[in-house]
Amino acid sequence: MLISKQVIVSLIFFLPLFVLLVNSLKIQEKEEERSILLKLKKEFGNPLSLESWNSSHLCNWERIECDTLGSVSSIFLASMNIRKVPKFICNLKNLMEIDLSDNYIFGEFPNSILNCSKLEVLNLFGNQLVGKIPNDIDRISNLRVLNLGLNNLSGTIPGKLFLLKNLTHVDLFNNKLSGEIPKDFQCLNMESINLSVNKLTGMIPEGIGKLKNLTNINMQMNRLSGEIPVSIALLPLLVYIYLSENMLSGELPRELGLHSQLLGLYVDENKLSGTLPDNLCHGGALVSIFVSANKFTGKLPKTFANCSSLTEIYLANNMLSGEVPASFWSIDAATYIVMSDNLFSGELPHRLSSRLSILNLANNNFGGSIPAGIGSIEFLNVLSLRSNKFNGSIPENIFHLKYLNILDLSLNNLSGHISTKLGNLDGFINNTVSYISYPGIQFVTKGVMVQLDHLYNNSRAIDLSCNSLGGTIPTDIGLLKLLYTLNLSHNHFSGDIPTSIGNLSVLESLDLSSNRLSGPIPPSLATIDSLG
């Protein structure tokens, strides 16, 4: 079809005008955005970090990003001592991301943000917000990421939150939220949910099983009850499950680990029972398992024996039993093995993981001799074999472990002498470690069982009590100047108490009772001011 000459003339005449008009509107929009940003800068007290907010090219300003058309799309104002959100912030009409994390914003949720019609990412983490999350949070219909963690928000989680279809990440960590988790989920692209450290009650919604892109569930440290939904175990991309410190009961879903490459399972301190699922390490990728302080029974899953990725193994305070496969002990990646307070039996193999930092097998039924191979674990910090059935002598090379801070071999059937090489325990002489986080370090001090959640510089203890050890107490014991607790009671030690014990200047608890010691009490003991 031929275009008339008149139309062509009109296009030639009006097209430049149209382009001129569009350019004029863009210039006007940029001037408006520049004016709004300068107003924001003034509201924030003209901080030095916004010193660049004065040139004409606002897309070059620090903490600002523009879209392809040159409009302000993102504003990053984290850690700037901001105390309130200006109501006019959404006058930046193309704003897609707001980061106001780690500030001092107080008061209730800034409802003016709900007017940011194109907003996709809202980060208010680490402020001082109180009150409720708005029920009409769904007004931000394009929202993908919501981070309100580490505030003081209360009330319930709005039912409309999980109806936002574009939502991929929600973080409400460490608030005071209560009530039940909404049951209706339409955010089918959700990848991560963090509702931990709140006061949430009720059951974990079965509907979470609809979120096929979910990789991370974190609901630990709440008051959730009931069983863990089977649908969670069927999620194909799930790698981390954090449900510790709730009141969950029933058995773990049998399918856990079968449909996704599980990396971490954290369900400690609940009321869970039954056996551990056989397929937890089916994908061969499991790194961390925390199932302590439950009511689990039965043997270890067979897949554990060849789970080469396992690094953190916390199985304490259950009723797990049976012999442990030799291949389990030699998992090369294993750094923390905590299996105390169970019913495990059998002997330890000669070779254990060379990367072990903590080996806690206290209060079980392990027997046989203590393997000399333990003395080859260079970076071992904690060795607790208390209250088992170990016999024979203490391998001399254990006293060559330079990083050992706690040695507890009490309540066994050990015999023989203590090595004279005590002075090689460098961890009791020099500060080889400043801090280790470790839930459940237990040892007797001043006649009382104490529990530490962390290892500090002063947490050095040796407990060899309640065995059949004999001979004299080595004088090298006085070299262990960082020793906090020493318990050699209920053995067959004889001879004098070494005067070198007086060199242990930080010693707070000393128990040498129920032995065959003779001679006077060394006057040097009176010089230890800390001794209780």
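## Exercises on rings and sheets

A search of the whole structure, which is a predicted model, turns up 11 aromatic pairs.

**Exercise 1.** Work out how the rings of Tyr242 and Tyr266 are arranged, and whether each residue is buried or exposed.

*Solution.*
- Start with the geometry: the ring centres sit 4.5 Å apart and the planes make an angle of 15 degrees.
- Planes under 30 degrees apart count as stacked, so the Tyr242–Tyr266 pair is stacked.
- Next, place the two residues on the chain. Tyr242 belongs to strand E15 (residues 240-242) and Tyr266 to strand E17 (residues 264-266), so the pair, with its 15 degrees between planes, links distant parts of the chain, 24 residues apart.
- Now check burial, where the cut-off is under 20% relative accessible area. Tyr242 comes out at 17%, so Tyr242 is buried.
- Tyr266 has 13% relative accessibility, so Tyr266 counts as buried too.
- Finally, look around the pair: Tyr242 and Tyr266 are part of one aromatic cluster with Tyr240, Phe290, Tyr314 and Tyr336.

**Exercise 2.** Trace the open sheet of 12 strands: what is its strand order, and which strands are at the edges?

*Solution.*
- Read off the order: E14-E16-E18-E20-E22-E24-E26-E28-E30-E34-E36-E38, with parallel pairing.
- The edges are strand E14 (225-226) and strand E38 (516-517), each of which pairs on one side only.
- Step in from E14: 2 bridges join E14 to strand E16 (residues 247-251), and Gly226 has Leu248 as its bridge partner in E16.
- One strand on, E16 is joined to strand E18 (residues 271-274) by 3 bridges, with Glu251 standing opposite Ser273 in E18.
- Further along, 3 bridges link strand E24 (residues 343-347) to strand E26 (residues 365-369); here Glu347 partners Gly367 of E26.

**Exercise 3.** Do the same for the open sheet of 5 strands: what is the order, and how many degrees are neighbouring strands turned on average?

*Solution.*
- The order is E4-E6-E8-E10-E12, and the pairing is parallel.
- Strand E4 (106-108) and strand E12 (199-201) are the edge strands.
- Neighbouring strands are turned by 15 degrees against each other on average, direction ignored.
- At the E12 end, 3 bridges join strand E10 (residues 176-180) to E12, and Ser178 has Lys199 as its bridge partner.

**Exercise 4.** Which residue lies over the face of Phe88, and what does UniProt place at residues 32-67?

*Solution.*
- Over the ring of Phe88 you'll find Lys39, at 4.4 Å from the ring centre.
- For residues 32-67, an unreviewed UniProt entry gives "domain: Leucine-rich repeat-containing N-terminal plant-type".
- In the model, that span is 33% helix and 8% strand, and its end C-alpha atoms lie 16 Å apart.

Definitions and conventions:
Residues numbered from 1 in each chain as written. Predicted model: local features only at pLDDT ≥ 70, side-chain atom pairs only at ≥ 80, totals over all residues. Heavy atoms only, no water. Pairing = 2+ DSSP bridges. Helix = DSSP H or I, 4+ residues; strand = E, 2+ residues; numbered from the N terminus. UniProt positions renumbered as here; feature names shortened; annotations may be inferred. Axes fitted to C-alpha atoms, helices over the stretch in contact; angles between N-to-C directions. Phe/Tyr/Trp six-rings, centres within 6.5 Å; stacked < 30°, edge-to-face > 60°. Buried < 20%, exposed > 50% of the residue type's maximum accessible area, 1.4 Å probe, protein only. Lys NZ or Arg CZ within 6 Å of the ring centre and 35° of its normal.
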